[in-house]
Amino acid sequence: PTTAPLIYVDDADSPVHGASTEPVPNRSAPESIAVVNYTSGSTGQPKAACIPHRAVARTVRDTNYVQVTPDDRVAQAGSPAFDAAIMEIWLALANGAAVVGMRRETLLSPAELSRVLPAERISILVLNTSYVHQIARDAPAAFKGVRKVFFGGEAAEPEPLRALLEHVGPGVFVNAYGPAEGCVITSYHEIASIPEDVLTVPIGRPVSNTQIYLLDARQQLVPMGTPGELYIGGEGVARGYLNRPELTAQRFFPDTFSGRPDRLLYRTGDFARM
């Protein structure tokens, strides 16, 4: 039972039959909103980041963090409601590759995952960091044969990744940093080795058409080696939060470094150092 109006599109008297059959005109522009992603981060208070088309295009086309060809098969391992789905689905389709849906049961079983990845010829995976840590403990050889495994969402631990490298080799695993407000991925670090004495895994350098600034409390650049708050600039930055002007004003600022009055910086609240 529902109070919502129902339209039966296949009825003889459906109003759909009176609609035009001409293609819907494309009125979107690079600044038009492509998707609204709800994200809570560590606060537990949902907020909706408005992601424009230019940000999605920045994430999936002409990238420096991965080159995708029509021969690739990209797994969709996350929910379509998760911002990483932008990367999974459109990284594949916008470059002529295939999207391969992954069953939840497969992801919950390391043994099943080890079977399905080669059977489906998966070449690119986008996963949560904690899940990668778990696979490192339970089935470290599961990713053998996968060309690139991107992971993010939290700090990576050196020890699990060291175990994975022993089974898979260098250049496969990529530590990807990026909040939803930066459209999935902001920086990347391709892992070649994990030295024995390291305590952290770098988040690397910015992806294409993206800038990262480490700023002090006065929003001035900090010196090399000094911790600073991480601000994101470039084409991947969201247009703010849906219906939250006060919160938008707290986290998004004019990008004075770019010289473009229409560009914003996103204040992440994370700290890093060069």
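So, Ile-33 sits in strand S1, which runs over residues 33–39. Keep in mind that what we're looking at is a predicted model. Is Ile-33 buried, exposed or partly exposed? Its relative accessibility comes out at 34%, so we call Ile-33 partly exposed. And Ile-33 has company out there: together with Val-36, Tyr-38 and Leu-242, Ile-33 makes up a nonpolar patch on the surface. The accessible area of those four residues together is about 350 Å².

Okay, on to the aromatics. How many aromatic pairs does the structure hold? There are 7. Take Tyr-213 and Phe-257: the ring centres are 4.2 Å apart and the planes sit at 15°, and since under 30 degrees counts as stacked, this pair is stacked. Now look at where the two partners come from. Tyr-213 is in strand S10, residues 210–215, while Phe-257 is in the loop between strand S12 (252–254) and strand S13 (264–272). Those parts are 44 residues apart in sequence, so the pair ties them together. As for cover, Tyr-213 counts as buried at 14% relative accessibility, and Phe-257 counts as partly exposed at 33%.

Next pair: Tyr-231 and Phe-253. This one is tilted, with 6.3 Å from centre to centre and 55° between the planes. Again, distant parts of the chain get linked, with Tyr-231 in strand S11 (residues 228–234) and Phe-253 in strand S12, 22 residues apart. Tyr-231 has a relative accessible area of 1%, so that's buried. Phe-253 comes in at 19%, and because the cut-off for buried is under 20%, Phe-253 counts as buried too.

One more thing on rings: Tyr-65, Phe-150 and Tyr-188 are linked by ring pairs into a cluster.

Last stop, helix H4. Which residues of H4, residues 110–119, are buried? They're Pro-110, Leu-113, Val-116 and Leu-117. Around the helix axis they cover an arc of only 120°, so they end up on the same side of H4. Swing round to the other side of H4 and you find Ala-111 and Ala-119, which are exposed.

What covers the buried residues of H4? The cover includes helix H3 (104–108), strand S5 (124–128) and helix H5 (129–138). And if you follow the chain along, just after H4 you hit Arg-121, which takes a positive phi of about 55°.

How values were computed. Residues are numbered from 1 along each chain as its sequence is written. This is a predicted model: local features need pLDDT of at least 70, side-chain atom pairs count only at pLDDT 80 or more; totals for chains, interfaces and linings use all residues. Side-chain values use heavy atoms; hydrogens and water are left out. Patches are made of residues with over 30% relative accessible area and no salt bridge: like charges are joined within 9 Å, nonpolar side chains (Val, Leu, Ile, Met, Phe, Trp, Tyr) within 5 Å. Accessible areas come from the Shrake-Rupley method with a 1.4 Å probe; for residues, only the protein chains shown count as cover. A salt bridge is a side-chain nitrogen of Lys or Arg within 4 Å of a carboxyl oxygen of Asp or Glu. Helices (H or I, at least four residues) and strands (E, at least two) are DSSP runs, numbered from the N terminus. Buried means under 20% relative accessible area, exposed over 50%, partly exposed in between (1.4 Å probe, protein chains only). Rings of Phe, Tyr and Trp (its six-membered ring) pair if their centres lie within 6.5 Å; planes under 30 degrees apart count as stacked, over 60 as edge-to-face and the rest as tilted. The arc is that of the directions from the helix axis to the C-beta atoms. Contact means heavy atoms within 4.5 Å.
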